[in-house]
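Hi everyone, thanks for making time today. Let me put the model on the screen, and then I'll walk you through a few spots on it.

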Amino acid sequence: MEARERKELFLKQRQVLIFFVLLGIAQAGSEPTHYSVAEETESGSFVANLLKDLGLEVEELASRGVQLVSKGKKLHLHLDRQTGDLLLNEKLDREELCGRTEPCVLPFQVLLENPLQFFLGELWIKDINDHSPVFLDNEIILKIPENTAPGTTFLIERAQDLDVGSNSLQNYTLSPNFYFHLKLQDSPDGILPQLVLEKALDREEEREIRLLLTALDGGNPPRSCTALVRIEVVDINDNAPEFTKLLYELQVPENSPVGFQVATVSARDLDIGINGEITYMFSQASEDIRKTFQINTKSGELLLAQKLDFESIQMYTVNIQAIDGGGLTGSCVVFVQVMDLNDNPPELSMSSLTNQIPENLMETVIAVFSVSDPDSGDNGRMMCSIPEDLPFLLKPSVENFYTIVTNSALDRETNSEYNITITVTDLGTPMLQTQHTFTLQVSDVNDNAPEFTQSSYTLWVRENNSPALHIGTISATDRDSGSNAQLTYSLLPGPQPGPDAAAALVSINADSGQLFALRALDYEALQAFEVRVRAADRGSPPLSSQALVRVQVLDANDNSPFVLYPLQNASAPCTELLPRAAEPGYLVSKVVAVDRDSGQNAWLSFQLLKATEPGLFSVWPHNGEVRTARLLSERDAPKHRLLLLVKDNGEPPRSASVTLHVLLVDGFSQPYLPLPDAAAPERAQPDRLTAYLVIALAAVSSLFLLSLLLFVAVRLCRRSRVRSLAGCALPDGPLPGHLLDVSGTGTLAHSYQYEVCLQGGAGTNEFKFLKPIIPNLQPQGSGEEMGDNIVVRNSFGFQ
């Protein structure tokens, strides 16, 4: 019975709670109220009075703790708590706040307390015509050929306007002229201006047309801007280029250098612009001419692309063509006669050449070559030499053959390659020479160990780092090359293996030498550690060296201050006694706090956040001493609660709060009075709500009991009246089958017979089941079925 009553009480409490929750949600989900103001309205201007919308009177504003809240970082409105007026905090620029979004809406909320209530509002900023249209280019240039057909349209860059709606760009106008009219086309981005050609252009009549394009917005008064449209009439090509000379005859010495200017051809074109621009090129030129000469396409200069050889070709015939920008051409012929000179330098032929030798070999043959000169006499006599500052010797052999051999041991680290130039000079006039240069590579031998750039490294990493953080790079070099200079980095095991060993804290990339932190470091647990890095090359045999790496962990502000006194987790609050005769500056207590961080992260400052009597106490910011700020009076409350903040100097700062209770006494002999529960005012609001819930539950329970008693009384009255009006008869046998449920699923059972009391003279065949005459004491089904029936009956509350 008690369990059922507790269940009913719980269900009714939950119904009342759900009712209040749904009521709060309905109030919070209401539609926002719209207010409007024009942009650029002065700061402090009146927007609306919220008293009517809030359903409050002026005197209720302060008691309800009204607050204005905005979703953005900046609050553009201000609520006057004395009058309920909604005022502007600053001038509002619609274009800065919303850009081209229309409408420009700034949502805000009004928060009311006691009880908690939200009021939603929206400030609609109306646009004013405070921006003029602007062309991005003050001058618009169009180039139109003079043969363009009338009716052709030309798109012009449109103007820009920051305003929206009717204040945005609405129209364009064009200065009067004989050739063009303005056509406006609508587009999703606004109105696009187009120039339409009405009259054919003639460059010889008018080379340039200047028009003034004006853009107008829809404001009142309208704003405008102008741009100059400059139309350049482009000429068509109707004149071919003409050379000043049709035939050029020249003599060129065969020793003329490459790039030598052989001649300059010139042509002119009466057209202008691109139609008058002439390009020079070869016409029907053979492969020899194209290899020997080159022409400047702009200036017409004919230059030598390679040296001439009288023994090969004595005369060249060069056809040159001039082409203008329209495709018309003109041509001329240049005859070039080659003059014979001592122009054949000596020739050098390499018979054997070694490009690479090891650095530890001596007196090795590097090259074998021969020299020759097709000239005769002194022009065919030759001298051969190599630079004297090289560790090589030039040895002559038979029939103009020479060999080059090493003169001393080579060192690849000193010089990894040698550029050897062989110079062959004849004795002609002028003297000609031939040079042949080849590169000799000195192959490496692994004779140098790796060298670190520093003997020791210091790396810094801030604590609480992410795993796999790159904290620095260790670099070493090897003077060798190839695989002898390919380095592999590794960490050497430390003297103390384990989870706190250096190898468990960092790892190194074997190829690049990058060091990574394997896990997050804690400055408070480990300030620094050292690890040795080994760099080994891949030579045979391999050489290696070591370097020391010291990792310094930098402190981060990850620990909040911890208050040692007064204790905050004690069962009873810490209370300080203060005599009423205390002088200003009397030491009441001292807050003691520590911070596990270091440096400025552990510099603590103290601040008084809240006090029962503001101005009575002060806190020294550096040592946490709580002192009286003035003399005590009889009007001061006997009990005070101080809320203090302890904050460190980190970035970002961390803080902790501490509560200090102060009891005023006439003297330290006065007995200590326990401080009342400070949280009682804070529980006043929840206790009031609990009282409301208990009253509502009691009212509902009373109504339910009253209804139940009324129902029982009515039933008893009806039963007594029926028995007095009619007799009762017992049937001889069981009830007819159509009145019984033979399937066992209805409301009657075979094992029951009932007294049937009929009303004599009743107009209906109404009957009632009063009580069973022969109860079924032996159940027909199994024990399991009987148990099920008992469960079903009990579940409906029958006894």
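Before I point at anything, a quick word on terms: a strand here is a DSSP run of E with at least two residues, and strands are numbered from the N terminus. Please also keep in mind that we are looking at a predicted model.

With that, let's start at T488. This residue sits in strand β36, which covers residues 487-491. Is T488 buried or exposed? Neither label fits, because its relative accessible area is 28%, and that makes T488 partly exposed. As for its surroundings, leaving aside residues up to four places away in sequence, T488 touches A510, R534, A535, A536 and R538. There is also a C-alpha pair to look at: T488 and G513 are 25 residues apart along the chain, and their C-alpha atoms are separated by 8.0 Å.

Now let's move over to helix α7, which runs over residues 680-725. R718 is part of this helix, and so is L716.

Which residues join R718 in a positive surface patch? They are R715, R719 and R721. R718 itself is partly exposed, at a relative accessible area of 48%.

L716 belongs to another kind of patch, a nonpolar one of about 600 Å² on the surface, made together with F704, L705, L708, F711 and V712. With a relative accessible area of 53%, L716 counts as exposed, because the cut-off for that word is over 50%.

That's my tour, folks. Happy to rotate the view for anyone who'd like another look!

Note on methods
Residues numbered from 1 in each chain as written. Predicted model: local features only at pLDDT ≥ 70, side-chain atom pairs only at ≥ 80, totals over all residues. Heavy atoms only, no water. Patch = residues over 30% accessible without salt bridge, like charges linked within 9 Å, V, L, I, M, F, W, Y side chains within 5 Å. Areas by Shrake-Rupley, 256 points an atom, 1.4 Å probe, with all protein chains shown as cover. Salt bridge = Lys/Arg side-chain N within 4 Å of Asp/Glu carboxyl O. Lys, Arg positive; Asp, Glu negative; His and termini not counted. Charge placed at Lys NZ, Arg CZ, Asp CG, Glu CD. Helix = DSSP H or I, 4+ residues; strand = E, 2+ residues; numbered from the N terminus. Buried < 20%, exposed > 50% of the residue type's maximum accessible area, 1.4 Å probe, protein only. Contact = heavy atoms within 4.5 Å.
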